[in-house]
Amino acid sequence: MNGILISLEGPDGAGKTTVLQRILPELEKSRYEVLATREPGGVRVAEEIRKIILSTENTEIDSKTELMLFAAARRLHMQTKMLPALAAGKLVLVDRFIDSSVAYQGYGRALGVEPVNWLNEFATDGLKPDLTLYFDIDTDIALERIMRNRADELNRLDLERAEMHRKVRQGYLEIVQHDPERFVTIDASQDIDTVVADTLRAIKKRFFL
Ligand SMILES: Nc1ncnc2c1ncn2[C@@H]1O[C@H](COP(=O)(O)OP(=O)(O)O)[C@@H](O)[C@H]1O
Ligand SMILES: Cc1cn([C@H]2C[C@H](O)[C@@H](COP(=O)(O)OP(=O)(O)O)O2)c(=O)[nH]c1=O
């Protein structure tokens, strides 16, 4: 496997999806063929699982069920899309990956880090990103962005109480602290042009693009 795997992580509303779209044209100028994808989803059946997980109607999904649905979607997406792209030498950018489960289900849902790490390992056979960009933002600013800009498309997790979102951010901060080599923290509260520039700089520096 000689491609590069970069994951984008952070609380809802941090700006990951917006930044990803903005950096793609620049990365496509590099020597790498680029694949941008997302979790949960990225391939047909995983997108079906995504709909089940995120539907605001599915209130009976408990935390453990939710964790395992994310893991199932992750494995399928990895096996059928990410690994072939990495084997072909591509630069793969994934909007959320293993750390989202640790932050949201491990910390946010309080299932604990250990079972989530174990399930991640089982689902991915231990695949880890070469670099993880963590978009850090104050919970209130992130929630305000979502309410201001995306209020008409809120999903089941967006609707969780602010308390859960605070735990998610705290979780991310702890995850980053435990694995400083893999992570670069981006200050996502800055204006979008600055966030995009910081992100590109971090990627180019790490991989000499
Ligand atoms: N740096 C920024 N400053 C202000 N608003 C932003 C910034 N980045 C993204 N947004 C807006 O905030 C909302 C959430 O961004 P999004 O990219 O969907 O975040 P995420 O994918 O991390 O949940 C979007 O409406 C987007 O236009
Ligand atoms: C991949 C993954 C996502 N999630 C959550 C994070 C988001 O709230 C939601 C995905 O919805 P999405 O709309 O893609 O959120 P965002 O634009 O913020 O990335 O699923 C988990 O709780 N666990 C996971 O393992």
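Which helix gives the most to the shell around ligand 2? I would like to come to that after a brief tour of the chain, and I should say at the outset that what you have in front of you is a predicted model.

Let me start with the fold as a whole. The chain holds eight helices and five strands, and if you read along the sequence they follow the pattern β-α-β-α-α-β-α-α-β-α-α-β-α. The radius of gyration is 16 Å, close to the 17 Å that the globule rule gives for 209 residues, so the chain is as compact as a globular protein of that length. Along its principal axes the C-alpha trace spans about 45 × 35 × 35 Å, and 38% of the 209 residues count as buried. As for contacts between residues at least 6 apart in sequence, 80% of them join residues at least 24 apart.

Turning to annotation, an unreviewed UniProt entry places the feature "domain: Thymidylate kinase-like" at residues 8-197. Over that stretch the chain is 55% helix and 12% strand, with the end C-alpha atoms 15 Å apart.

Now to the ligand. There are 15 residues around ligand 2, and those that come nearest are Phe70, Ser100, Ser101, Tyr104 and Leu157. By character, the shell divides into five nonpolar, five polar and five charged residues. Two helices, α1 (16-27) and α4 (98-108), each supply at least two residues of this shell, and here is the answer to my opening question: α4 gives the most, with four residues.

Technical notes. Residues are numbered from 1 along each chain as its sequence is written. Chains are lettered from A and ligands numbered from 1 in the order in which they are written. This is a predicted model: local features need pLDDT of at least 70, side-chain atom pairs count only at pLDDT 80 or more; totals for chains, interfaces and linings use all residues. UniProt positions are given in the numbering used here, feature names are shortened, and annotations may be inferred rather than shown by experiment. A residue is near a molecule or strand if its C-beta atom, placed from the backbone, lies within 6 Å of it. Ala, Val, Leu, Ile, Met, Phe, Trp, Tyr, Cys and Pro count as nonpolar, Asp, Glu, Lys and Arg as charged, and the others, Gly among them, as polar. The radius of gyration is taken over C-alpha atoms; the globule rule is 2.2 Å times the number of residues to the power 0.38. A residue is buried if 20 or more other C-beta atoms lie within 10 Å of its own, exposed if 12 or fewer, and partly exposed in between; C-beta atoms are placed from the backbone. Two residues are in contact if their C-beta atoms, placed from the backbone, lie within 7 Å.
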